[in-house]
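Q: Could you take a close look at one helix in this model and at what packs around it? After that, follow the thread outwards as far as the ligand, please.

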Amino acid sequence: MSSPIERFEQLALSAPLLETLKEIGYEAPSPIQAAIIPHLLDGHDVLGQAQTGTGKTAAFALPLLERLNLSERQPQVLVLTPTRELAIQVAEAFQSYARHLAGFHVLPIYGGQSISLQLRHLRRGVHVVVGTPGRIMDHLRRESLDLDQLRCVVLDEADEMLRMGFIEDVDWILEHTPPGRQVALFSATMPEVIRRVAHRHLRDPQEIKIQTRTATVAAVQQRYCQASGSHKLDVLTRVLEVEDVDAVLVFVRTKVATTELAERLEARGHACAALHGDMTQALRERTIEQFRNGGLDIVVATDVAARGLDVPRISHVINYDIPHDTEAYIHRIGRTGRAGRGGQAILFVAPREMRMLRTIERATRQPITPMQPPSQAAIAGHRLNRFKQQIRETLAAQELDFFHELVSRFEQEEEISVQDIAAALTYLMQRDRPLQVRETASPRPADVPRSRPEAEEDADSRSTRPRRERPREDADVDKIRYRLEVGHQHGATPQNIVGAIANEAGIESRYIGRIEIHDDYSTVDLPDGMPEEIFQHLKRVRVRQIPLNISRLGPSGPARERKRAVPGQAVGRVKSGGGFKRRPADREFGPGRRHRPEVES
Ligand code: AMP
C-alpha cells in the first residue's frame, strides 16, 4: 500500500456506504479497518488479531456488504459468533451499515429462539446470516440453510469459541461451506488451536495484527473509572466538579458525539465546544485559540481533530469513549502533561472493555489506577471548601464598605440578626449547586442518578450491548442437578457443556453450576425453575454431535441441605427461575425496521 489510509474515501467503498459512515459520524477508519478492508474487498482471506473495541465489526461488515449481490436472496455471508448476544450485535451492525442498501436482509440465528421462525425467515431469503455454531449446525443438518451461494465466512472471537468448546463445531461448519469461499478469522489471541483452524481452512491469509506501540508517558497520571452507556455523562459531571481542573480535553469516537456531548456540558454550565474534522479550518482554529486563552474550559474532540493539538493549559484528558488502539490512547494522553507540567488522564471503561484497558496498561508500561466515581458527599465537601475560599478571597481583596452599610441598614430595619442574613444569602448562592448532602452511600456507577433526557435516551437505546457474564456460581439461587447423556467417551468438556447450555437455554453462564463429566454421562447444576419448553429443547441440543437428552436428578448442594434442615417450611433466600432469560422475541431485521432494532421486545 502506497500511502497510509486515513479517510474512508481512500477505501474502495461505494457511495451508499460512505454516506452511512458520514451519518453515523465515523470520522476515520480505525487501524484494523484501514488494514483489513482493502484485503476483504480484494477477496483475500484474512487472519486478524483484534479484540472488542478496535472496530473489527465494521472492518468485515463494510467490505462484505460492498461485495453482496442484493438481487440474489441467498446467504452470501455467514458470521459465526460464540454467543447469541454477539450474534445480535453483529446483525445490528450489518443492518445499521446497510441502511442505504435497499432490500438488504440479515438474520441472526441462535439457540433458544423459535426454530420455526428462523425457518420462515430463511425461506423468505436473507443475504447475511449471523449465528452461534450450535444452531447453524442444526440448520445445516435440516438443510434449511443453503450455503451454495456462500462467498464468505467470518469467525468472530475465535478464541472465545474455543473457550466455550465450539471449535470442532466451527471446523464442521467450515467443512460444509463451498470450497471457493473467502474466510476472515478474528481472534483477540492466537493460541495454537486457532492457528491450526486457520491453517486448515484459510488460503494464503493476510495476517493483520495491530502493532501495540509502547511509550512512556511519565508526566501523566493515569486512572480509570468504570462507567458505561448513559452513566458516563453523570460520572463526567461529577469528575469535573471534584478534580482540580484547568482545561479539559474530552475524547469521543464520533463527530456526532462531539457535538452532542459538548451541548450537554454547555447546558450544565460549562464553557465547552466540539472539535471535529467536519469543521471549517477557521472555526477549528478559533476554537483552539479560545481553548488556549481560557475562553473555553472543555473541548470535546475526535482523535482526528485533536491530532497534534498543543494547548499547555490542558490539565485533564478524559477518555470518554475508549480508543480503538493503544497508539490513539498514547496520542490522546500526550495532549496533557505538556510544558513540564503534570497531567491527569482518566479513562471511562465498560466491563466488556476491561481487556482493552489491560492492553493499554501494557503499552504505556504504567499502571492505570482505578478510581470510584465521585460520591455526592465528596462533591458537597468540594463545594463547601470552594465556597469558604471564595468568601476568604472576597474579604481579602474586595472593597466592601457599601455592602457593610447595606447589611447594617437591613439588620436594623428588619430586626434580623447578621447570622440570619448570612444564612439566607448562603442559601441563595448555592441554589444551583447545593451544599447539602442528600446521598448516604457512595454510588456505584450504576447508581449515579441520571438526568431526564438521558433516562429517556436510555429507554430508547436498548441496542446498548448486553454484558457478557463470566462463569461464577451464584450462591443465592437454588439449583437442580441434571444428567446429560454425553461424557468423556464422547469427548465432552465442561466448556462444551457451558457453551451449549448458555446459548441454547439462555442461561447466563454465571448461573451454570458444578459440572461433572463421567465416562458416558455428565451432571450439571442449573437454577431451579427451568421452563418446560427450555427443558424439552435441551433434550435435543447436541454436544459433540450427541443429543444431551437431559433429565432431572433432583436438588443439588446447599438447597438440598436447607430443605432438609427446615422440613415443611419455605426456605429463606431461595430464588428460583434464576438466570433463565425470557426467550428472545421473534425478530427480523430488514428494510423498514428501525436501524437499531431492540434487543428484546
Ligand atoms: P467493535 O470493535 O467492532 O466492537 O467496535 C467498537 C465500537 O467502535 C462500536 O461502538 C463501533 O460503532 C465503533 N466504531 C467502529 N468503527 C469506528 C470508526 N471508524 N470511528 C468511530 N467509531 C467506530
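A: Helix α8, residues 167-175, is mostly covered, with 7 of its 9 residues buried. Buried here is under 20% relative accessible area, exposed is over 50%, and partly exposed is in between, with a 1.4 Å probe and protein chains only as cover. Helices (H or I, at least four residues) and strands (E, at least two) are DSSP runs, numbered from the N terminus. The buried set in α8 is I167, D169, V170, D171, W172, I173 and L174.

Before going on, a word on the model: it is a predicted one, where local features need pLDDT of at least 70 and side-chain atom pairs count only at pLDDT 80 or more, while totals for chains, interfaces and linings use all residues. Residues are numbered from 1 along each chain as its sequence is written, and side-chain values use heavy atoms, with hydrogens and water left out.

So what sits over those α8 residues? The cover includes three strands' worth of names, β2 (77-80), β5 (152-155) and β6 (182-187), and on the helical side α6 (133-142), α7 (158-163) and α9 (192-201). Contact, for this purpose, is heavy atoms within 4.5 Å.

Take β2 from that list. In a regular strand the side chains alternate between the two faces of the sheet. In β2, V77 and V79 are on one side and L78 and L80 on the other, and all are buried, leaving both faces covered. Strands pair if DSSP finds at least two bridges between them. β2 runs parallel to β4 (residues 128-131), joined by 4 bridges, and V77 has V128 as its bridge partner there. With β5 the pairing is again in the parallel sense, over 4 bridges, and V79 is matched to V154.

Now to the ligand. Counting a residue as near when one of its heavy atoms lies within 4 Å, there are 15 residues around the ligand, and Y26, Q33, G55, T57 and R253 come nearest. By class the shell has 4 nonpolar, 8 polar and 3 charged residues; Ala, Val, Leu, Ile, Met, Phe, Trp, Tyr, Cys and Pro count as nonpolar, Asp, Glu, Lys and Arg as charged, and the others, Gly among them, as polar.

A polar contact is a pair of N or O atoms within 3.5 Å; within protein, one must be able to donate a hydrogen and the other to accept it, and residues adjacent in sequence count only if both atoms are side-chain atoms. Ligand oxygen atoms make such contacts with backbone atoms of G53 at 2.7 Å, T54 at 3.0 Å and K56 at 3.3 Å. On its own the ligand has 500 Å² of accessible area, and the protein covers 86% of that. Areas come from the Shrake-Rupley method with a 1.4 Å probe, and for residues only the protein chains shown count as cover.

T54 is worth a pause. It is found in the loop between β1 (46-49) and α3 (56-66), and counts as buried because its relative accessibility is 10%. Its side chain reaches the backbone oxygen of Q51 at 2.6 Å. The backbone oxygen of T54, in turn, is reached at 2.8 Å by the side chain of S30. S30 lies in the loop between α1 (15-24) and α2 (31-41) and is buried too, at 3%. Leaving aside neighbours within four places in sequence, S30 is in contact with T54, G55 and H324.
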